[in-house]
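Here's a quick tour to read alongside the structure. Have the viewer open and follow along.

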Amino acid sequence: MSNSLHIYDSFGPLNTLLEGKKEVVVLIDKGIKDLYGGYFPYPQIEVQTGEEQKNLATVEYICRRLLELECSRSAFLLCVGGGILTDIGGFVASIFKRGIKCGYVPTTLLAQVDASTGGKTGVNLSGLKNILGTFSLPEFTYINTSTLKTLPQRELLAGAAEMIKAFAIKDRESFAMASKYFHDGIDTSSPQFRDLLATAIGIKAGIVERDFRESGERKLLNFGHTFGHAIEKCASECGDSILHGEAVAKGMKVASEISLRRGILSEDDHHTLCTTLEKMGFDLTIRYDAEKLIEAIKNDKKRGENGVDFVLLQEIGKSCVESISFEDLAKAAADVLH
Ligand SMILES: NC(=O)c1ccc[n+]([C@@H]2O[C@H](COP(=O)([O-])OP(=O)(O)OC[C@H]3O[C@@H](n4cnc5c(N)ncnc54)[C@H](O)[C@@H]3O)[C@@H](O)[C@H]2O)c1
Ligand SMILES: [Zn+2]
C-alpha cells in the first residue's frame, strides 16, 4: 500500500524514477510552469490552479488532452505543483481509462508534508470541498526541497503548520527540534529541515498505513482542524484572507486550550505549543464568535449525528480522539474564546 518517497534538493535523480516509462505526460500548475516546466522534457498539460478550478471541468479538460495525446493505459501522469494540482492529477489518474499510474512532484510545503501522502484525491463540487474523489496512491512522491525557495513566505509558513501538527500529535522530540529551528524563519535548505520534513511525512504515512480509510487513528491528523475548518469558513464568509495552515494553527490553539481545561494537558505543554506557533509567526487571535464557529462545525462534512470526533492533546507528542457533543463543544468554545 505504501508508495516510495524521495527527498532531494534538485530534480536530477527524478530521471531514474522515470526511466523505462514510455508515455510520460506532465501535468503542471500554470503558475509555476515558467519556473519549473523546463525541467521536464515530456508533453505537458498546464492547468490553472485555485479552489475554483479544482472541479470536474478541469478534470474533463485534462482527460480530453490525454486523449489528444493518444495516451494508452500505460501512460504515466507526472503531477507537478501544489496540493490542488496533485489532488486533481491523482483523481484524473485514478479514473482515466479506469486508472493509469502517476507520480507526484509536490512543490508547496503543504503538498509535500500533507497532500501528497495518504492517497486521498479529489475535486470540489457545488461549493463542497473534495466531495468527489478516490483513495488512490501515486507510484512515487518526489520532493525537490529547492522548489520551496520560490514559494511565498506565507505559503511556506502555512505548510509548516501541518508539520507542527504531526509532531504535536505523535513526536515530542521532533516538536522540540522544530520549535528550535523554525523560530527565526524556516531555512528550507538546512539538513535539519530535510530531516524534520521526512519525519513529518513519515508520521502521516505511518498513521495512514495503519488506518487507510480513517476509521480510527487517522482521525488524529485532524488535530486543530475542527476549529481550523470553521475559522476558514467564517473567514471566507467575511471576505478575510486566510490560508488553511494559518487556520489550523489557530485551531490547534483552541484544541490545546480545550485539552488544558479538561485537565488532560499540562499548562506547560499548552504554553509550549502556543509560543512555538507564535514565534514561527502565526497570529493565533480569533475574531469570530463561538456561536458562528459552532454553526460552521455543525455544517462540516466530518460531523457526527450529535457531535464531532475531536482531537485532544494529552501532552506534546501524544493525542487522543474523543467524541464531544455540540453542546459541550459550544460551552468549551465559549469558555476558550470568551
Ligand atoms: N489529499 C490530501 O490528503 C490533502 C491534504 C491536505 C490538503 N489537500 C489539498 O491541497 C490543496 C491546497 O494545496 P496548496 O496549499 O499546495 O495550494 P496550491 O496548490 O493552490 O498552491 C498554492 C500556491 O502556490 C503556487 N506554487 C506552487 N508551488 C510553488 C513554488 N514552488 N513556487 C512558487 N509558487 C508555487 C501555486 O501556483 C498556488 O498559487 C487544497 O485543495 C486541499 O484540499 C489535500
Ligand atoms: Zn490540514
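In which handedness of crossing does α7 pass α8? The crossing is left-handed. Keep in mind as you go that this is a predicted model.

**The α7/α8 pair**
- Helix α7 covers residues 172-181 and helix α8 covers residues 191-210; the two pack at an angle of about 140°, with 11 Å between their axes.
- On the α7 side, the contact is made by Ser-174, Met-177, Ala-178 and Tyr-181.
- Gln-192, Phe-193, Leu-196 and Thr-199 do the job for α8.
- Sorted by class, the contact of α7 with α8 has 5 nonpolar and 3 polar residues, and no charged ones.

**Two domains and where they touch**
- The domain assignment splits the chain into domain 1 (4-151) and domain 2 (154-337).
- Their C-alpha centres sit 27 Å apart.
- Domain 1 puts 17 residues into the contact, and domain 2 puts in 20.
- On the domain 1 side, β1 (4-8) and α5 (109-115) each supply at least two residues, and α5 gives the most, with 5 residues.
- That side of domain 1 breaks down into 8 nonpolar, 6 polar and 3 charged residues.

**Nonpolar cores**
- The largest nonpolar core holds 62 residues, and the ones touching the most other members are Met-163, Ala-168, Ala-200, Ala-255 and Leu-293.
- Helix α6 (residues 153-170) is the top contributor to this core, with 10 residues.
- Both domain 1 and domain 2 give residues to this core, so it lies between them.
- If you skip neighbours within four places in sequence, Leu-293 is in contact with Phe-227, Ala-230, Ile-231, Cys-234, Tyr-288 and Ala-333.
- Apart from the largest core there's another one, of 30 residues, including Leu-66, Phe-76, Val-80 and Val-123.

**Two residues with positive phi**
- Lys-97 isn't a glycine, yet its phi is positive, near 50°.
- You'll find Lys-97 in the loop between α4 (83-95) and β5 (101-106).
- Lys-97 has 14 other C-beta atoms within 10 Å, so it counts as partly exposed.
- Ser-126 isn't a glycine either, and its phi is positive at about 50°.
- Look for Ser-126 in the loop between β6 (123-125) and β7 (128-132).
- Ser-126 is exposed, because 6 other C-beta atoms lie within 10 Å and the cut-off for exposed is 12 or fewer.

Technical notes. Residues numbered from 1 in each chain as written. Chains lettered and ligands numbered in written order. Predicted model: local features only at pLDDT ≥ 70, side-chain atom pairs only at ≥ 80, totals over all residues. Domains from an automatic or database assignment. Contact = placed C-beta atoms within 7 Å. Helix = DSSP H or I, 4+ residues; strand = E, 2+ residues; numbered from the N terminus. Nonpolar A, V, L, I, M, F, W, Y, C, P; charged D, E, K, R; others polar. Axes fitted to C-alpha atoms, helices over the stretch in contact; angles between N-to-C directions. Left-handed = near helix turned anticlockwise from the far one by under 90°. Core = buried A, V, L, I, M, F, W, Y, C linked by C-beta atoms within 7 Å. Buried ≥ 20, exposed ≤ 12 C-beta atoms within 10 Å, placed from the backbone.
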